[in-house]
Amino acid sequence: MSIENLNNSIEHDQLTIYQVSLRGDVAELDALLQQDELILDRVTVSSFHETPLHIAAMRGHLQFAQALLNLKPKLAEELDSLCRLPLHLASAEGYSHIVKELVTVNPDACWARDIKMEESHFTWLP
């Protein structure tokens with residue numbers, strides 16, 4: 001396979017997992033993993049700005065987030081292009097059910113700050 005064909009294949013896979021994440025379709029995720037068990041491993045080095053877990057957190061897809069966390073718990077530690085964790089996104093949208101799952105997998109995430117928090121002028125009281 002040529003480098004160009006390989007790059008096209010990787011881009012296609014990344015777009016596919018992105019679309020599946022937008023829908024929160026666990027059955028489709030399982031089907032993708034049956035075809036390519038490394039697809040989630042390549043997500044963290046993709047050109048997209050967020051992982052499938054970030055998307056699930058933004059969309060409130062609890063079952064999809066749980067499936068991702070079971071398959072690859074390290075996704076809970078991945079930052080998006082604005083240095084946000086999936087926890088930041090789920091809590092901003094009020095998806096407490098996803099927040100609970102994320103904190104269970106990565107309790108230290110509660111201490112993480114995103115770029116917006118770092119730039120704000122607010123003082124947070126303990």
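Here is a short chat between a reader and the author about this predicted model.

Reader: What makes up the chain, helices or strands?

Author: The chain holds eight helices and zero strands. From the N terminus on, the order reads α-α-α-α-α-α-α-α.

Reader: How do you know how far to trust the model, and what is the mean pLDDT of the chain?

Author: The mean pLDDT is 83, and 77% of the residues reach 70 or more. Among the elements, helix 5 has the highest mean, 97, while helix 8 (residues 115-119) has the lowest, 53. Over residues 118-126 the pLDDT is below 50, and beyond near neighbours in sequence that stretch has three contacts in the model. Where pLDDT is low, the predicted coordinates should not be read in detail.

Reader: Why is histidine 88 called buried?

Author: Its relative accessible area is 16%, and buried means under 20%, so histidine 88 counts as buried. You'll find histidine 88 in helix 6.

Reader: What does the side chain of histidine 88 reach?

Author: The backbone nitrogen of leucine 85, at 2.8 Å. The cut-off for a polar contact is 3.5 Å between N or O atoms, so 2.8 Å falls within it.

Reader: What makes lysine 72 and aspartate 41 a salt bridge?

Author: The closest N and O atoms are 3.0 Å apart. The rule asks for a Lys or Arg side-chain nitrogen within 4 Å of a carboxyl oxygen of Asp or Glu, so the pair qualifies. Lysine 72 sits in the loop between helix 5 and helix 6, aspartate 41 is in helix 3, and they are 31 residues apart.

Reader: Why do lysine 72 and aspartate 41 get different labels for exposure?

Author: Lysine 72 has 17% relative accessibility, so it counts as buried, given the cut-off of under 20%. Aspartate 41 is at 37%, between the 20% and 50% limits, so aspartate 41 is partly exposed.

Reader: How many salt bridges are there?

Author: The count comes to four. Among them, lysine 74 pairs with glutamate 77, with the closest N and O atoms 3.3 Å apart. Arginine 84 and aspartate 80 also meet in one, at 2.8 Å from N to O.

Reader: Why is lysine 74 called exposed?

Author: Lysine 74 has a relative accessible area of 52%, and exposed means over 50%, so the label fits. Its partner glutamate 77 is partly exposed at 41%.

Reader: And what about arginine 84 and aspartate 80: how do you know which is buried?

Author: Aspartate 80 has 6% relative accessible area, so aspartate 80 is buried. Arginine 84 has 22%, which is not under 20%, so arginine 84 is partly exposed.

Reader: Where is serine 81, and why is it called partly exposed?

Author: Serine 81 lies in the loop between helix 5 (62-71) and helix 6 (86-93). At 46% relative accessibility, serine 81 falls between 20% and 50%, so it counts as partly exposed. The C-alpha atoms of serine 81 and histidine 49 are separated by 5.2 Å, although the two are 32 residues apart along the chain.

Reader: Which residues touch the most other members of the largest nonpolar core?

Author: Leu29, Leu53, Leu68, Ile98 and Leu102, out of 26 residues in that core. Helix 5 gives the largest share, six residues. Leaving aside residues up to four places away in sequence, isoleucine 98 touches Ala56, Ala57, Gly60, His61, Leu62, Ala65 and Ala90.

How values were computed. Residues numbered from 1 in each chain as written. Predicted model: local features only at pLDDT ≥ 70, side-chain atom pairs only at ≥ 80, totals over all residues. Heavy atoms only, no water. Helix = DSSP H or I, 4+ residues; strand = E, 2+ residues; numbered from the N terminus. Buried < 20%, exposed > 50% of the residue type's maximum accessible area, 1.4 Å probe, protein only. pLDDT = per-residue confidence, 0-100. Contact = heavy atoms within 4.5 Å. Core = buried A, V, L, I, M, F, W, Y, C linked by side-chain atoms within 4.5 Å. Polar contact = N/O pair within 3.5 Å; in protein donor to acceptor, adjacent residues only side chain to side chain.
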